[in-house]
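Me: I'd like a close look at how one helix packs against its partners. Start with the contact itself, then work outward to whatever surrounds it.

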Amino acid sequence: MAADSFFPTWRARDATAETTDVMPDERLPAGQTILLGFQHVVAMFGATALMPILMGFDPNLAIFFSGIGTLLFFVATGGRVPSYLGSSAAFVGVVIAATGYAGSGPNPNIAIALGGIVAAGLLYSIVGAVIGLVGYAWVERVMPPVVTGAVVAAIGLNLAPIATRILSGSAFDTWFGLLTVVIVSVITIYAPGLARRLPILIGAALAYGLYLLLANGLGLAKPIDFSAVMAAPWIGTPHFVTPVFDGTAIALIAPVFVVLIAENLGHIKAIGAMTSRNLDPYISRAFLGDGIATMLSGSLGGTGVTTYAENMGVMAMTRIYSTLVFVVAGLTAILFGLCPKFGALILTLPVPVIGGLSVVVFGLIAATAGRIWVENRVDFASARNLLTVGIAVVLGAGDLTLKFGSFAFGGIGTATFGAILIYHLLGLTKLGTVPGKIGDARA
C-alpha cells in the first residue's frame, strides 16, 4: 500500500487458507466478511445491551451508537486497528451514583448522566490529541509490555466472575453452559473450512437450537419467550435525549476516561501482539476515535463506549483481524438499533448459552496476556516483573474497588494504576541484580 495513504489497500486473501492469520489490511470474500461481521455483533451484543439496562438507558439506542462509534473508530485509525466499540461497564457505578437510579425501568435523570459522559469523552479526546502532538514514546515508557500484559490479563480475569455467575443460576444452566463451551471449542479445532472461522456464531446457533429443543420442546428448562419478538416493530426511530451539564455529575462521571484509556491501550497492545504488528503509532488516533464516539453517544442519549475485549477474544479465536469485518459489524449494529425486532430476537439468547460463550471469550482475553509477554521477551526471573503482574492480576480478578469521595475506581482501573505504580516504584532503586531480589529492575 502507498506509504502516504490514509486507508490501506486491502489485499484479497485465499478463502481456502483457513489455517493462517488474516491481517488488518487483508480481506476475505464478501460473504465471509459479512458472516464474520455478524459474529462480532453476536459477541458484543450481550454486554452492549446489558450495560444500558443496568443504568436505565435505552439498550437499542446504545446498540445503535456502538455501531456509529465502531465506524468512527475505523475512520479515525485509518482502518488499521481492528476493534469494536460497545457500551462501557466503567460508567455503570458512577452513573447510578450520579443519578440515584433505582435499578429498574427508564432512568428519569439520564440527562445529567449524559453530561458527565460527554465530559469524559472530551477529556479522553484531549489526551489523544496531546499524544498526537508530542508522540507516543512516553506511553511505552509508562506502560511497558510487562504492564500492558498485566492489564490485559486483569481485564480478562475481571470479566470472569460475570461468566461464572451467569452459569450458576441452576444445575441445568451450569451443565448446558459447559456444553456450549465444548461445542465452540470443537468447532474451533475440528470444523472444516470456513466453519472454523465462525466458532462463536455457529456455536451460538447450535447451542440455541439444542436449548430450544430441551426447554421449549421437552420442558427441561425455562422456555424461550418469543412474545417480545412478536410485539416488537420491524423499524423503530431512536429516542434521542439531550444532555444536561451538572457540575456534581460531571465530577463523578468524567474521571472514568482514565479507565477507558487503560482499556484501549491494553487492547491495542494485545492486538499488536496477536498480529505481530506495532500499532503504537495509532494510539493517538485510537484514543481520539474512542473519545469522539463517547462524546457523540452521550450527546444524544447513548452510553459511553470503549474498545471491546469480547471482540478481541473473537479475533484471538478466529485469527481474523481484517478491519473490513468491523465495518460490517458496525453497519449491522446500526440496523439492529433501528430494528427493535432483531434486537429482541438476539435478547432471547438463553442465559446458559451466553454464559458459555462468555467463558470462552473472556478466557481468551486473559490468555492473550501471555502472548504479549512472550512476544516481548518479558523476563519473569525479575522480581519486579513478577510483583507487577501478580499484584495487578489479583487486584483485577478480585475487582478491588477504591473510593475517593464519591468516585469509585473499579477493579480494572485499580489493576491498571497498581501495575504502573508498582513497576515504576520498584525501578527507582536497584538493590541488586540477582533474579528474585526485589530490587532487580530488569524489564
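Reply: Start where helix 8 meets helix 16: Ile200, Ala204, Ala207, Tyr208 and Tyr211 come from helix 8, and Pro352, Val353, Leu357 and Val361 from helix 16. Sorted by class, that contact has nine nonpolar residues, with no polar and no charged ones. Keep in mind throughout that this is a predicted model.

Now the geometry. The axes of helix 8 and helix 16 are 10 Å apart, and the angle is about 155°. The cut-off for roughly antiparallel is over 145 degrees, and helix 8 and helix 16 therefore count as roughly antiparallel to each other. Their crossing is right-handed.

Staying on helix 8, have a look at Pro199, which belongs to that helix (residues 199-217). How buried or exposed is Pro199? Its relative accessible area is 0%, so Pro199 is buried. Setting aside neighbours within four places in sequence, the residues in contact with Pro199 are Gln39, Val184, Ile187, Thr188, Ala204, Met317 and Thr318. Ala204 is a nice link there, as it also sits in the contact with helix 16. Pro199 also has Ser185 to look at: the two are 14 residues apart along the chain, and 7.5 Å separates their C-alpha atoms.

Val184 takes us to the other partner of helix 16, namely helix 7, where Val184 is one of the contact residues. Helix 7 (residues 171-190) and helix 16 (residues 351-375) have axes that come within 7 Å and cross at roughly 50°. That angle therefore makes helix 7 and helix 16 oblique to each other, and the crossing is right-handed. On the helix 7 side, the contact uses Asp173, Phe176, Gly177, Thr180, Val181 and Val184, while helix 16 brings Val351, Pro352, Val353, Gly356, Leu357, Val359 and Val360. By class, this contact has nine nonpolar, three polar and one charged residues. If you flip between the two contacts, Pro352, Val353 and Leu357 of helix 16 turn up in the one with helix 7 and in the one with helix 8.

Next, the nonpolar interior. In soluble globular proteins, nonpolar side chains tend to be buried together. Which residues touch the most other members of the largest nonpolar core? They are Phe91, Ile253 and Ile365, out of 106 residues in that core. Helix 11 (residues 257-275) gives the most to this core, ten residues in total. Ile253 is worth a click: leaving out its neighbours within four places in sequence, Ile253 is in contact with Phe91, Val94, Val95, Ala98, Ala113, Gly116, Ile117 and Ala120. Another core lies apart from the big one, with five residues, including Val22, Leu28, Leu36 and Ile320.

Ile320 also comes up beside Arg27: these residues are 293 places apart along the chain, yet their C-alpha atoms are separated by 9.3 Å. Arg27 is in strand 2 (residues 26-27) and counts as partly exposed at 38% relative accessibility. Apart from neighbours within four places in sequence, Arg27 is in contact with Trp10, Arg11, Ala12, Arg13, Ser322 and Leu324.

While you're around there, check the backbone at Arg319. Arg319 isn't a glycine, but has a positive phi of about 60°. Most residues other than glycine have a negative phi. Arg319 lies in the loop between helix 13 (309-318) and helix 14 (324-338), and is partly exposed at 35% relative accessible area. Asp399 is another one to inspect: it is a residue other than glycine with a positive phi, near 55°. Asp399 sits in the loop between helix 17 and strand 5 (402-404), partly exposed with a relative accessible area of 41%.

Helix 17 gives you one more pair to set beside your contact. Helix 17 (residues 383-397) packs with helix 18 (residues 411-425) at about 165°, axes 8 Å apart, so the two are roughly antiparallel. This crossing is right-handed too. Arg384, Asn385, Leu387, Thr388, Ile391, Ala392, Leu395 and Gly396 of helix 17 meet Gly411, Thr414, Ala415, Ala419, Ile422, Tyr423 and His424 of helix 18. Those residues divide into eight nonpolar, six polar and one charged; the contact of helix 8 with helix 16, by contrast, has no polar and no charged residues.

Methods. Residues are numbered from 1 along each chain as its sequence is written. This is a predicted model: local features need pLDDT of at least 70, side-chain atom pairs count only at pLDDT 80 or more; totals for chains, interfaces and linings use all residues. Side-chain values use heavy atoms; hydrogens and water are left out. Axes are lines fitted to C-alpha atoms, for helices over the stretch in contact, and angles run from 0 to 180 degrees between N-to-C directions. Helices (H or I, at least four residues) and strands (E, at least two) are DSSP runs, numbered from the N terminus. Angles under 35 degrees count as roughly parallel, over 145 as roughly antiparallel, 65 to 115 as roughly perpendicular and the rest as oblique. A crossing is left-handed if the near helix is turned anticlockwise from the far one by less than a right angle, and right-handed if clockwise. Contact means heavy atoms within 4.5 Å. Ala, Val, Leu, Ile, Met, Phe, Trp, Tyr, Cys and Pro count as nonpolar, Asp, Glu, Lys and Arg as charged, and the others, Gly among them, as polar. A nonpolar core is a set of buried Ala, Val, Leu, Ile, Met, Phe, Trp, Tyr and Cys residues joined through side-chain atoms within 4.5 Å. Buried means under 20% relative accessible area, exposed over 50%, partly exposed in between (1.4 Å probe, protein chains only).
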